[in-house]
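Trainee: I would like to learn how to read burial, strand pairing and surface patches from a model. Where do we start?

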Amino acid sequence: MILSLLSCVTLGFLLVSCIISSKKLFLKFQKFASCVSNFVKIPLFLRINCLISFYQNRHRLLDWYTHLLSQSKTQTIIVHRIGAPRIVVVANPKNVEYILKTNFVNFPKGRPFTDLLGDFLGLGIFNVDGEKWSTQRKLASHEFSAKSLREFVVKVLEGEVETRLIPTLENAAENDKILDMQEVLKRFGFDTICKVALGADPFCLDLSRAAPPLATAFDSASEKSAMRGVAPVSTLWKLKRALNLGSEKDLKEAVDIVHGCVDEIIQAKKEKIKNDGGGGDLLSRFLEAGLGGEMVRDMAISFLMAGRDTTSAALTWLFWLFTGHREIEKQAVEEIISFKISDNKFVFEDLKEMNFIEACLYECMRLYPPVAWDSKHAANDDILPDGTPVYRGDRVTYFPYGMGRMEELWGEDRLEFKPDRWFHNDGVLKPVSPYKFPVFQAGPRVCLGKEMAFIQMKYVVASVLSRFELLPVLHEQPIFVPLLTAHMAGGFHVRIRRRAA
């Protein structure tokens, strides 16, 4: 997304650990765990059962967690791992609000998280707490509130859509080519965010050539960083890093390329500012505000990660959902046509008013959130609103993927794609608590770029659906894969057809 889900880009893989699978054993263990001190050792047989259960469910972790949470009366479960602190997983809005807002200071990202992404994101806004986070947050908040940035984003979108995305789809339609729409949207997203964040154009959406080194290295660094999170214990990846072996060697090489490319862009931007003045991009704004050194590089890289894969993930799943819900797609097209102007461009004010498209995006992200889970770490002992004890050092995780599938929150039709659930009876969009729908996080770390993310996604949806119909090559249910940001396993392969007038 364009600088979207800013605070939500966190390592959901921190949850990939051993948990209790059998309902009976789990409930017994949860009751036991809630009554004992943090210093009481968990019986070995339970830990062994955890390992076995995790191995058996390793291919369906999201649904497994969701099932366990749905069986809990409080939508909270406690996870015990071998050689690591407890994990408290919540799908309870009151607990989420407590973690993200009420007692925000007690639930920072924490050292375990910042260690995982430290080599890649460094001191960027998504990987720091305290004063370093506060300084960057204030600066970013000021820039995101500027009307000039909003106008710059829309201008970039117009250029990218009309000169690259639409011609790519036109070519596929004319030549009956099969496109991986997920790859197209990822490349589009990378071009867009590079222009907005760095003022640089990587020319990624050119399917006739390989992706540029920065994009390839960025993918590799993201994937290898995620692999750290799935290691049974952190000692394993730290040892590999010390010895420069395997995935850690690959990560170091990828990070070196990303850092090198961004450093070159920063140096060129400094020269441009010195000679000609800056541009409307975020990097120019940060440099002109006095930000420098590694912090400006790390902040730029954080925004690249936030703005690239999150919007492409949401759009990929929405276009797929439309292919199975043509009546809903028809409603979306009707709304688009009512705003469409003669030159096929859409203005900011009209995009803001596309409420049905917005409801479709909300409903899509409820079912397929770009960030499936997000973790904090308790600074001190605490008690959550539902009575669950939290001890210093515990990882406390809220779970947007599972929350979107809780019957207690969304009703019996929770698994259905129904954008109408986001409207009041009078047709007005219904406000939903961000603690019930924490896809954009909430509280002090709430996503600064939410509005711009929706503008980008609406612009793409409106531009594509007003011209084309997507026909999936395969009709099986795709697999949702939760890396740093989620994606569709194997891509989304489609044929493109021009939409009948």
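**Reading exposure and pairing**

Mentor: Start with exposure: Ile-178 has 42% relative accessibility, so it counts as partly exposed. The model is a predicted one.

Trainee: Why is Ile-178 classed as partly exposed?

Mentor: The class runs between the limits for buried, under 20%, and exposed, over 50%. Ile-178 has a value of 42%, and therefore falls in that class.

Trainee: Which residues make a nonpolar surface patch with Ile-178?

Mentor: Val-473 and Leu-474 join Ile-178 in that patch, which covers about 260 Å².

Trainee: Where is Ile-178 placed, and which residue is its bridge partner in E11?

Mentor: In a regular strand, side chains alternate between the two faces of the sheet. Ile-178 belongs to strand E3, residues 178–180. Its bridge partner in E11 is Arg-495. E3 and E11, the latter spanning residues 493–498, are paired in the antiparallel sense through three bridges.

Trainee: In which sense do E8 and E11 pair, and over how many bridges?

Mentor: E8, residues 468–472, pairs with E11 in the antiparallel sense, over five bridges. Within E11, Arg-498 is the residue opposite Phe-468.

Trainee: Now Ser-284: is it buried or exposed?

Mentor: Ser-284 is buried, because its relative accessibility is 0%. This serine sits in helix H12, which covers residues 282–288.

Trainee: Which residues is Ser-284 in contact with, leaving aside neighbours within four places in sequence?

Mentor: With those neighbours set aside, the contacts of Ser-284 are Lys-269, Ile-273, Gly-278 and Gly-279.

Terms used
Residues are numbered from 1 along each chain as its sequence is written. This is a predicted model: local features need pLDDT of at least 70, side-chain atom pairs count only at pLDDT 80 or more; totals for chains, interfaces and linings use all residues. Side-chain values use heavy atoms; hydrogens and water are left out. Patches are made of residues with over 30% relative accessible area and no salt bridge: like charges are joined within 9 Å, nonpolar side chains (Val, Leu, Ile, Met, Phe, Trp, Tyr) within 5 Å. Accessible areas come from the Shrake-Rupley method with a 1.4 Å probe; for residues, only the protein chains shown count as cover. A salt bridge is a side-chain nitrogen of Lys or Arg within 4 Å of a carboxyl oxygen of Asp or Glu. Helices (H or I, at least four residues) and strands (E, at least two) are DSSP runs, numbered from the N terminus. Buried means under 20% relative accessible area, exposed over 50%, partly exposed in between (1.4 Å probe, protein chains only). Contact means heavy atoms within 4.5 Å. Two strands pair if DSSP finds at least two bridges between them.
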